[in-house]
Amino acid sequence: MTKTDRPPRRAWIARLGPQGEIDLDRAASPRAIVEDAVARVGADPVRWAIELNSVVLRRIVGEVPVLGGSPAAVEMLRRGNEATTLRALFTLAEGSAAAPPADEAILEGIREFVHRAIPLERVLHGVRVGHAATTEAFLRACAELVGPEDAVDEVTAVSRELFSYVDELSDTMIRTYLVEHEVWSTSAAAARADLVRSLLSDAASMDADEASRALGYNLRRTHEAVVVWSDSPMGGSTLQAAAIEVLRARGATTTLVIPVASGRLWAWGTVPPDGTDRTHGTDPTGSWETIVEALSRQRMRAAFGTPGSGVAGFRRSHREAERGERVERLRREAGRAPRYATVYADVAAIALLATDLDAAGDFVRRELGGLADRSAPMEALRTTLYHYIGAERSLVDVARRLHVARGTVTYRVKRAQEVLGHDLDDRRFALHTALALAEELGDAVLLPRDADR
């Protein structure tokens, strides 16, 4: 008797199905695992589990944000949680003995949390949140699909089996965490990461020479920091090679690389203290295009801080790189074209203005009025007006930049002024600032933070 010929232990499991259109290709698990799951319980229940995983993942990240932190980290969490959901499905459909052992994706995520210094209690909090959401969905489906005469007994049995399943899984996760923590805490990589985190703390009072010897990196020199990340999990060696490559291209003679999460790392390079303007257009090595091409080829992003000397410069440049990264993540959420490499000097104004997104959004909507509407016509008016003010009202420059006719520019500017209800010179600086924020960050400032997106 093959797996597909087995009589179902619970007939209602086979009747599970997603509410929306769910393609099996959307699964986070490898194709072989998905195909095995379909052979075990059927395609629709697997689609149901994939859809449920998306709901549970949002709840986990919403209640325990530290478990996310980056698109790659969220993707790893999605992969691990999908594995736990499929195992729960197998447990209910075939019995606990038929469920496979804890998937490597689950254990990989636990080891990742150790490396990111996420406390075990936060990890277990996420497990409890995920278990509650998953159990709720299974019990609701059971109550809907089982006849009323059997519903109470079946709901009780399902609740008991899921509790036992999560209890066993939690034990495995705790053991994995503790073993990895013991190994990691005694490793050189952990010591370097802890030392760097201490240096980045404002409260740190550490001898620079002693820290330099421990890191093998001269902290008394001038540093340019970079944050390198990918939207999908990838090996640390790949990211490390990319970080070193882009820093060398920026003129660094020595480098320090610290992995901090799946698909994300911090790095620094010692650069000449020549005071050269290092915005992308004036890269002293003339290699900006090479950097962008290398990052785009590897599907990575990088944000650079401005150079600074000593420990204070090491710390400041890193904070600027992280602010640049945040701007790029906000732009990505707004659907803007990706920039594979960003220099803080190029986005400093936006980064500072967006420090408090609630206040920035209030400012944008107040200044733009009807122009803050999210319709396509208003977006065209905003973009045109933004470039028009920036180009000192040159119709030719704006028409060339936007690839439209001069008459179109004239019409849009006139129409935008009508929507605003006042002359462009009345509040020119505030208006241009609001337009810049809307142009870069989109819905992040056009919509109130608690509005539906």
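Start with the whole chain in view: residues 24 or more positions apart account for 73% of the contacts in the protein with a separation of 6 or more. The model is predicted. Its secondary structure comes to 18 helices and six strands. The C-alpha trace spans about 75 × 60 × 35 Å along its principal axes, and 47% of the 453 residues count as buried.

**Stop 1: strand β3**

Select residues 264-270, which make up strand β3. How many of the residues of this strand are buried? Seven of the seven are, so β3 is largely enclosed by the rest of the structure.

Now colour the strand by face. In a regular strand the side chains alternate between the two faces of the sheet. In β3, R264, W266, W268 and T270 lie on one side, while L265, A267 and G269 lie on the other. Both of these faces are covered, and the residues named on each are all buried.

**Stop 2: the partners of β3**

Keep β3 on screen and add residues 255-261, strand β2. The two strands pair in the antiparallel sense over six bridges. To find your place along the pair, label A261, which stands opposite R264 in β3. Then label L256, which stands opposite W268 in β3.

Follow the chain from β2 into β3. The two strands form a hairpin with two residues between them. Select G263 in the turn, where phi is positive, at about 75°. As for burial, five of the seven residues of β2 are buried, so β2 is also largely enclosed by the rest of the structure.

Next add residues 222-229, strand β1. Strand β1 pairs with β3 in the antiparallel sense over seven bridges. One bridge to label is that of V228, whose partner in β3 is L265.

**Stop 3: two residues of β1**

Stay on β1 and select T222, which lies in this strand. Is T222 buried or exposed? Its relative accessibility is 11%, so T222 counts as buried; the cut-off for buried is under 20%. Leaving aside neighbours within four places in sequence, show what T222 is in contact with: G269, T270, V271, P273, P307, G308 and S309.

Move along to V226, also a residue of strand β1. V226 is buried, with a relative accessible area of 0%. Which residues is V226 in contact with, leaving aside its neighbours within four places in sequence? They are L247, L265, W266, A267, A302, A303, F304 and A321. L265, W266 and A267 belong to the β3 residues coloured at the first stop.

With V226 still selected, draw a distance to R319. The two are 93 residues apart in sequence, and their C-alpha atoms are 9.5 Å apart in space.

**Stop 4: helix α12**

Leave the strands and select residues 344-353, helix α12. Its buried residues are Y344, V347, A348, I350 and A351. An α-helix has 3.6 residues a turn, so residues three or four places apart point the same way. To see what covers the buried residues of α12, show β4 (301-304), α11 (310-333), β6 (341-343) and α17, which are among the elements that do so.

**Stop 5: helices α13 and α17**

Keep α17, residues 428-441, and add α13, residues 357-368. The axes of these two helices are 9 Å apart and meet at an angle of about 120°. That angle makes α13 oblique to α17. The crossing is left-handed.

Show the side chains at the contact. From α13, select L357, A360, F363, V364, E367 and L368. From α17, select A430, L431, T433, A434, L435, L437, A438 and L441. Colour them by class: 12 are nonpolar, one is polar and one is charged.

**Stop 6: helices α15 and α16**

For the last pair, select residues 395-402, helix α15, and residues 406-420, helix α16. The two helices pack at an angle of about 105°, with their axes 9 Å apart. That makes α15 roughly perpendicular to α16.

Which residues of α15 and α16 meet? In α15 they are L395, V396, V398, A399 and L402, and in α16 they are R406, V409, T410 and R412. By class, this contact has six nonpolar, one polar and two charged residues.

Terms used. Residues numbered from 1 in each chain as written. Predicted model: local features only at pLDDT ≥ 70, side-chain atom pairs only at ≥ 80, totals over all residues. Heavy atoms only, no water. Axes fitted to C-alpha atoms, helices over the stretch in contact; angles between N-to-C directions. Helix = DSSP H or I, 4+ residues; strand = E, 2+ residues; numbered from the N terminus. Parallel < 35°, antiparallel > 145°, perpendicular 65-115°, else oblique. Contact = heavy atoms within 4.5 Å. Nonpolar A, V, L, I, M, F, W, Y, C, P; charged D, E, K, R; others polar. Buried < 20%, exposed > 50% of the residue type's maximum accessible area, 1.4 Å probe, protein only. Pairing = 2+ DSSP bridges. Left-handed = near helix turned anticlockwise from the far one by under 90°.
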